[in-house]
Amino acid sequence: MSTTSKAALDALLGKVRSGIANNAPVPPAAQSMLPPSVTDYPEHALLERLRSLYREGSGLRNPYFLPRSGEVTGGLRIAGRDYVTYSNYNYLGLSHDVRVKHAVHDAIDRYGCHAGAARMVGGEIELHAQLEAELAEFTGFEAVSVGVGGYSANVSAVGYLLDRRDLILHDEYMHNSGVMGAVMSGARRIAFPHNDMDALDRLLGENRGQYRRALILVEGAYSMDGDLIDLPRAVEIKNKHGAWLMVDEAHSCGTVGATGRGVCEHFGIDTSEIDLVVGTLSKSFASCGGFLAGKRELIELLHHFCPGLLLYSTGISPANTAAALAAVRLARAEPERVVRLQHNARRFREMALERGLDARTCLAGVPIVPLMIQDESALQLMSMLLENGVVAHAVMHPVVPRDAARLRCFISAEHDASMFERTLDLLAAHVAADAA
Ligand code: PMP
């Protein structure tokens, strides 16, 4: 790939990662009265370059926006060909479960296709409260409020709860939705080095006194490295400095802990120690939507007044509610799914290491296993995998440092060892050829 194309891609990914447009004021001389144009956006040129990179005859298969024609299991079907996939979140293997599908059909028959309004004013269906009660039971929190997305739940809650008088400390690898919530709130925002609890403690010590409220924002299982938050330390620090602790359990709810209840179960910490959890229905629970979990008083406040969670936003659809409700019930009734998932995650890591690949993740069975690769060969690698029937996506510079590019593999309870063998043999051969 040409240096320009790679630089263009880097810049695109950098902007996408930060999600923050450059809104520095334009000097008066440079301003014009012309209407805004799409071509002014640097990304417009980058899209053109991406198109040229993946043009017919380039020899590279484009791994983005590949439409599948069947269900996701441990594999999927694209244009009549079967692939193994490491790019789909189907952690507990429930996305094609016949009982989940039946629940969805029933809900559509009974309630129709949409919620019809914001929940508070006409959009409430009976299943909404049932799902919230089921999630509260599953996660062990007093109360839960469910909205249309994990992203919007995160942005809305953080943006609503804090303002310019407050302080937010977030892990440098915090998901964009939490970071955007922090930006929206107007609070002073400090990113601390990844999982560095000493730095968090120090930064709070230095800054806490100047602000009204303080919020520590972390992920339960980090989606980039597959490692876990040091929850016992985070709780100790939040208590020491009088801060709130908010944990994004998008990747740990349903997957981490002996029965998948999340990081509190894993670390043996009472859920009352955590002020707020944000979760998604899109990873373990075969649906689409997001939720906030915490103490009743706080959740009731957010349930009624947090803009973008339920207020000013239409209720989650009957089909999505029913899918999640059935999936959470199955996750509770069939804890062997979590055992299988954690076994698979550990097995994938072990098999990668046996083949000399650099697999990073913790040993808790987190279903995210990054395989470290050369940044320069990431596009060729994705293309080669596609040619050989494997869907997997790379994370490259500047989303991660240049020497930390990785193929980020999401593991499912539906994968089996023969899929791993095929994938990892291919990768090992590629790495060996690269080194030669
Ligand atoms: N938080 C994290 C850590 C995530 O990975 C994601 C989704 N990739 C979200 C929040 C957003 O969840 P949703 O897909 O439900 O909007």
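Author: Two strands count as paired if DSSP finds at least two bridges between them. In this predicted model, S8 and S9 are joined by five bridges and run antiparallel, so they meet that rule.

Reader: How do you know where S8 and S9 begin and end?

Author: Strands are DSSP runs of E with at least two residues, helices are runs of H or I with at least four, and both are numbered from the N terminus. By that rule S8 covers 276-280 and S9 covers 290-294, with Ala286 in the loop between them. One place to look across the pair is Gly279, which stands opposite Phe291 in S9. Residues are numbered from 1 along each chain as its sequence is written. As the model is predicted, local features need pLDDT of at least 70 and side-chain atom pairs count only at pLDDT 80 or more, while totals for chains, interfaces and linings use all residues; side-chain values use heavy atoms, without hydrogens and water.

Reader: Which other strand pairs with S8, and in what sense?

Author: S7 (residues 244-248) does, in the parallel sense, over three bridges. Here Asp248 stands opposite Val278 in S8.

Reader: What makes S8 a mostly covered strand?

Author: Buried means under 20% relative accessible area, exposed means over 50%, and partly exposed lies in between (1.4 Å probe, protein chains only). Five of the five residues of S8 are buried. Leu276, Val278 and Thr280 point one way, Val277 and Gly279 the other, and all of them are buried. In a regular strand, side chains alternate between the two faces of the sheet.

Reader: Why is Phe65 called exposed, and Ala286 partly exposed?

Author: Phe65 has a relative accessible area of 82%, and the cut-off for exposed is over 50%, so the label follows. Ala286 is at 26%, which falls in between the two cut-offs and is therefore partly exposed. Phe65 has a positive phi of about 55° although it is not a glycine. Ala286, again not a glycine, also has a positive phi of about 55°. Phe65 is in the loop between H2 (42-53) and S1 (75-78).

Reader: Why are Ser223, Gly262 and Ile216 called buried?

Author: Ser223 has a relative accessible area of 10%, while Gly262 and Ile216 are each at 0%. These values are under 20%, so the three residues are buried.

Reader: What do these three residues touch?

Author: A contact means heavy atoms within 4.5 Å. Neighbours within four places in sequence aside, Ser223 is in contact with His251, Ile368 and Arg408; Ser223 is in the loop between S6 (214-219) and H8 (231-241). Gly262, in the loop between S7 and H9 (263-267), touches Glu249, Ser252, Val256 and Gly257 when residues up to four places away are not counted. Ile216 is in S6, and its contacts beyond four places include Leu169, Leu200, Ala234, Trp244 and Met246.

Reader: What makes S1 and S11 edge strands?

Author: The open sheet has three strands in the order S1-S2-S11, with mixed pairing. S1 and S11 (390-391) each pair on one side only. S2 (residues 81-85) and S11 pair in the parallel sense over two bridges, and Val84 has Val390 as its bridge partner in S11.

Reader: What makes the second largest pocket a pocket, and how much space lies in it?

Author: On a 1 Å grid over the protein atoms alone, a pocket is an open set of points where a 1.4 Å probe fits, with protein on both sides within 12 Å along at least five of seven lines; lining residues have an atom within 4 Å of a point. This one holds about 380 Å³. Its lining has 23 residues, with Arg68, Val72, Leu76, Asn88 and Tyr89 nearest its centre.

Reader: How do you know how far to trust the coordinates?

Author: pLDDT is the predictor's confidence in each residue, from 0 to 100. The protein has a mean of 92, and 93% of its residues reach 70 or more. Residues 1-6 stay under 50, with eight contacts beyond four places in sequence. Residues 11-20 are also below 50, with 24 contacts beyond near neighbours in sequence. Where pLDDT is low, predicted coordinates should not be read in detail.

How values were computed: Grid points are joined across faces, edges and corners, and a volume is the space filled by probe spheres set on the points.
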